[in-house]
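Q: Could we go through this model together? I would like to start with the strands and then move on to other topics.
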Amino acid sequence: MNALTQPLILHGPAGAIEALLDVPAPDQFTAPLGTAVIAHPHPRFGGTMTNKVVQTIARACVQCGWRAVRFNFRGVGASAGAYDEGRGEAEDMLAVVAQAAPADAPLAIGGFSFGAFVATHAIAALHADRAIARAVLVGTAASRFAVAPVPVDLHPHTLVVHGEHDDTVPLASVLDWARPQALPVTVVPGGEHFFHGQLPLLKSLVARHMRA
């Protein structure tokens, strides 16, 4: 992403976890505001931590003064293990949080598509023991997986973004998930699953949320 991107090898329940840490420019921020941990799309369909939407979320966080940690789920890139239908992937995300997001600083959890589904389960697991300052869920795979509800007290700090014309995860399925929670969904008019041509808009939405 930039000269301030650092490769990491973390320890997970299935073995090594490959990750990238992006940090804000020191001439703009005297110290990071916190750490955002961001999960990537489905490993079986080419999802990795270098996905453009994941990179866009990370860039928005860094622009706002947050450290951003992207990582490869088990079985992807140099990460050990094999696909585990979201269960092991949530454990991977929790391991990344434990090692790369200092407990004495604010934490943000984000994800795209399958990664947003995994992020909701990581949030559910963390909620009782660690404060989550922000959540960012983009293209949430609600039509394909059992996405966890967002804790009510986290609703004001959660951004859910979905494309109007997403043909991978229909908008209706995300609304069906959000409706019982009265959780707002930001709809990008004309947007599809990968936000082709609309990544700058997505970045601005995430940045506005991270600054709020």
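A: Before the strands, one definition: two strands pair if DSSP finds at least two bridges between them. Please also keep in mind that this is a predicted model.

Q: Fine. Which residue in strand 5 does I38 stand opposite?
A: I38 stands opposite G110 in strand 5. Strand 3, residues 35–39, and strand 5, residues 107–112, are paired in the parallel sense over five bridges. Another facing pair is T35 and L107 of strand 5.

Q: What about strand 4, and how many bridges does it share with strand 3?
A: Strand 3 and strand 4 are joined by four bridges, again in the parallel sense. T35 has R67 as its bridge partner in strand 4. Between these two strands the chain passes through helix 1 (residues 52–63), and the resulting β-α-β crossover is right-handed.

Q: Is strand 3 covered or open, and which way do its residues point?
A: Strand 3 is mostly covered, with five of its five residues buried. T35, V37 and A39 point one way, while A36 and I38 point the other way. In general, side chains of a regular strand alternate between the two faces of the sheet.

Q: And strand 5, how many of its residues are buried?
A: Six of its six residues are buried, so strand 5 is described as mostly covered under the cut-off of under 20% relative accessible area. L107, I109 and G111 point one way from strand 5, and A108, G110 and F112 point the other way.

Q: Which way does strand 6 run relative to strand 5?
A: Strand 5 and strand 6 run parallel and are joined by five bridges. I109 stands opposite A135 in strand 6. The chain goes from strand 5 through helix 3 to strand 6, in a β-α-β crossover that is right-handed.

Q: Let us turn to the interior. How many residues has the largest nonpolar core?
A: The largest nonpolar core has 42 residues. Those with the most contacts inside this core are V37, F71, M93, V96, L107, I109 and W177. Elements that give two or more residues to the core include strand 2 (15–22), strand 3, strand 4, helix 2 and helix 4. The largest share, eight residues, comes from helix 3.

Q: What does V96 touch?
A: Leaving aside residues up to four places away in sequence, V96 touches L10, I17, V37, V69, F71 and A101. There is also a second, separate core of 26 residues, which includes F112, V161, L199 and L202.

Q: Back to helix 4. Which of its residues are buried?
A: In helix 4, residues 171–178, the buried ones are L171, S173, V174, W177 and A178. They lie on the same side of helix 4, because they cover an arc of only 160 degrees around the axis. As background, an α-helix has 3.6 residues a turn, so residues three or four places apart point the same way.

Q: What covers those buried residues of helix 4?
A: The cover includes helix 3, strand 6 (134–138), strand 7 (158–163) and strand 8 (186–188).

Q: New topic: how many disulfides are there?
A: The count comes to zero disulfides. C61 is in none, and its nearest cysteine sulfur, that of C64, is 7.0 Å away.

Q: Why is C64 not bonded to C61?
A: The separation of 7.0 Å between the two sulfur atoms is too far for a bond, because a disulfide requires sulfur atoms within 2.5 Å.

Q: Are those cysteines buried or exposed?
A: C61 is buried, with a relative accessible area of 2%. C64 is buried too, with a relative accessible area of 5%.

Q: Last topic, the backbone. Where is E85, and what is its phi?
A: E85 is in the loop between strand 4 (67–71) and helix 2 (87–100). Its phi is near 60 degrees, a positive value in a residue other than glycine. For context, most residues other than glycine have a negative phi.

Q: What is the phi of S113, and where is that residue found?
A: The phi of S113 is near 60 degrees, also a positive value in a residue other than glycine. S113 is found in the loop between strand 5 and helix 3 (114–126).

Q: How accessible are E85 and S113, buried or exposed?
A: E85 is partly exposed, at a relative accessible area of 48%, whereas S113 counts as buried, at 8% relative accessibility.

Note on methods: Residues numbered from 1 in each chain as written. Predicted model: local features only at pLDDT ≥ 70, side-chain atom pairs only at ≥ 80, totals over all residues. Heavy atoms only, no water. Buried < 20%, exposed > 50% of the residue type's maximum accessible area, 1.4 Å probe, protein only. Arc of directions from axis to C-beta. Contact = heavy atoms within 4.5 Å. Right-handed = clockwise from strand over helix to strand, strands pointing away. Core = buried A, V, L, I, M, F, W, Y, C linked by side-chain atoms within 4.5 Å.
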